[in-house]
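Biologist: Got a minute to go through this one with me? Let's start with the core.

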Amino acid sequence: MALPSMDIKTIGAGGGSIAWIDDSGLLRMGPKSAGAKPGPVCYSLGGEMPTCTDANLVLGYLSAEYFSGGRMALNYEAARNAIDTHIANPLGLETLGAAAGMYKVMNANMASAIREISVEKGHDPRDFPLICAGGAGAMHVAMIARDLGIGRVLIPREASILCAAGMLRTDLRHDLVRSYTTPFTMAGIDEERLIKLLSEMEIEATELLTEENISLDAQDLFYALDLRYLGQYHEVRVEQIPETLLKTVDTEALQKLFHQAHDRIYGYSLAGEDKLVELVNIRLTAIGRTDKPVLSEQVPVDIIPGKARKGMRAVLLPEEAELSKVPVYDGQSLQHGNWLEGPAIIETPVTTLLVPEGFEVEWDATGTATLIDQKAERYG
């Protein structure tokens, strides 16, 4: 059925992801989760199985006293005992080694999912910045980026509520589709039928957005085609098609766009060969631009980052085997114009940012923290 859908990849990775050992003796993280209640063992709400949050506490990334801005105390000993009982002892590891293994498996799971939605679709993740979401994401994102070769990571001020903030700022969208299977040539296309289908979708899209109080000057229409080589089971969606090419039925130019898209996704195209291209669906995306909340901007400050330093904490840094004393900073005191070099830990009431060795971090005018990997080949 040619129904519009969102291609979303989820992997069940979060602070409540439970650590377990499979039948082969391998350490796994998730997808089963402790959720918010009972939650991680360190919450002391009844959780018994060690989770990602428990590992982050034992590794020193989380503060037992400052979790949620100090509103909730974490039980370090309970987290440590759970990791020993269920992971460290069965695997013959020390507590820190087991916790570090949990951390690395979580990172590997997330990096693998990013590869699946980028490399396998013809995109090099190194060409893009990585955007961090979730309250626990900032403790993992640097090492995930390094694993993928991504040189730049953005951690928005609203990272812990990124999905909710995004919903408030998103435009309205409707996806319309009409099936029209036919050889994609001037001889095979019924131009009158094609124009009629486009007109029907345009009228429907305009009516939908108008009913949602979107004025005509705030409505945008985008066209796409689902095309394939004759005999193929799957089709390729060719997006952002210029309206003039479609309505003049310029099949030669449109086929060229299809060959380029096919080559990007699958690594080859049949351009130049006598292979018939077939049209499957005509698509229209209607965007209704909405008013957005304005982000308040900070002016650059001369505050020395050292003044935001809260103290030192023993941490097992990624890629290291022993605990190190790492400076801890108050993230609410760090503003636009500040710059730090890792290793460091930056705490706010809603998230904790781990800045490993070889990374630097700076803040822009909207409060977004940018992590830069000095070891990366290039920056996204």
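Modeller: Sure. Keep in mind that this is a predicted model. The largest nonpolar core has 63 residues, and Ile-155, Ile-346, Val-361 and Leu-371 touch the most other members.

Biologist: Which helix gives the most to this core?

Modeller: Helix H3, residues 95-118. H3 puts in ten residues.

Biologist: What is Ile-346 in contact with, leaving aside neighbours within four places in sequence?

Modeller: Among its contacts are Tyr-329, Gly-331, Leu-334 and Leu-340. Thr-351, Thr-352, Leu-353 and Val-355 are on the list too. Val-361 and Trp-363 complete the set.

Biologist: And how many residues are in the second core?

Modeller: That separate core has 30 residues, including Leu-209, Ile-214, Ala-218 and Ala-286.

Biologist: Switching to sheets. What is the strand order in the open sheet of four?

Modeller: E9-E10-E12-E13, with mixed pairing. The edges are E9 (309-315) and E13 (352-355). Each has a single partner strand, so one side of each lacks a neighbour in the sheet.

Biologist: How many degrees does the twist average from one strand to the next?

Modeller: 25 degrees.

Biologist: In which sense do E10 and E12 pair?

Modeller: Parallel, over three bridges. E10 covers residues 324-330 and E12 covers 344-347. Val-328 stands opposite Ile-345 in E12.

Biologist: What about the open sheet of five strands, what order there?

Modeller: E3-E4-E15-E14-E11, again with mixed pairing. E3 and E11 (339-341) are the edge strands, and each pairs on one side only.

Biologist: And E14 with E15, parallel or antiparallel?

Modeller: Antiparallel, over five bridges. E14 is residues 359-363 and E15 is 369-373. Glu-362 faces Thr-370 in E15 across that pairing.

Biologist: Now pockets. What is the volume of the largest pocket?

Modeller: About 1300 Å³. It is lined by 40 residues. Closest to the centre are Lys-9, Ile-114, Ile-117, Ile-131 and Ala-133.

Biologist: Which elements each supply at least two residues of that lining?

Modeller: H3, strand E3 (130-131), helix H4 (141-148) and helix H5 (162-169). The largest share comes from H3, with six residues.

Biologist: H3 again, then. Can you put its two roles side by side for my notes?

Modeller: H3 gives the most to the largest nonpolar core, ten residues. H3 also has the largest share of the lining of the largest pocket, six residues.

Terms used: Residues are numbered from 1 along each chain as its sequence is written. This is a predicted model: local features need pLDDT of at least 70, side-chain atom pairs count only at pLDDT 80 or more; totals for chains, interfaces and linings use all residues. Side-chain values use heavy atoms; hydrogens and water are left out. A nonpolar core is a set of buried Ala, Val, Leu, Ile, Met, Phe, Trp, Tyr and Cys residues joined through side-chain atoms within 4.5 Å. Buried means under 20% relative accessible area, exposed over 50%, partly exposed in between (1.4 Å probe, protein chains only). Contact means heavy atoms within 4.5 Å. Two strands pair if DSSP finds at least two bridges between them. Axes are lines fitted to C-alpha atoms, for helices over the stretch in contact, and angles run from 0 to 180 degrees between N-to-C directions. On a 1 Å grid over the protein atoms alone, a cavity is a set of points where a 1.4 Å probe fits but cannot get out, and a pocket is an open set with protein on both sides within 12 Å along at least five of seven lines; lining residues have an atom within 4 Å of a point. Grid points are joined across faces, edges and corners, and a volume is the space filled by probe spheres set on the points.
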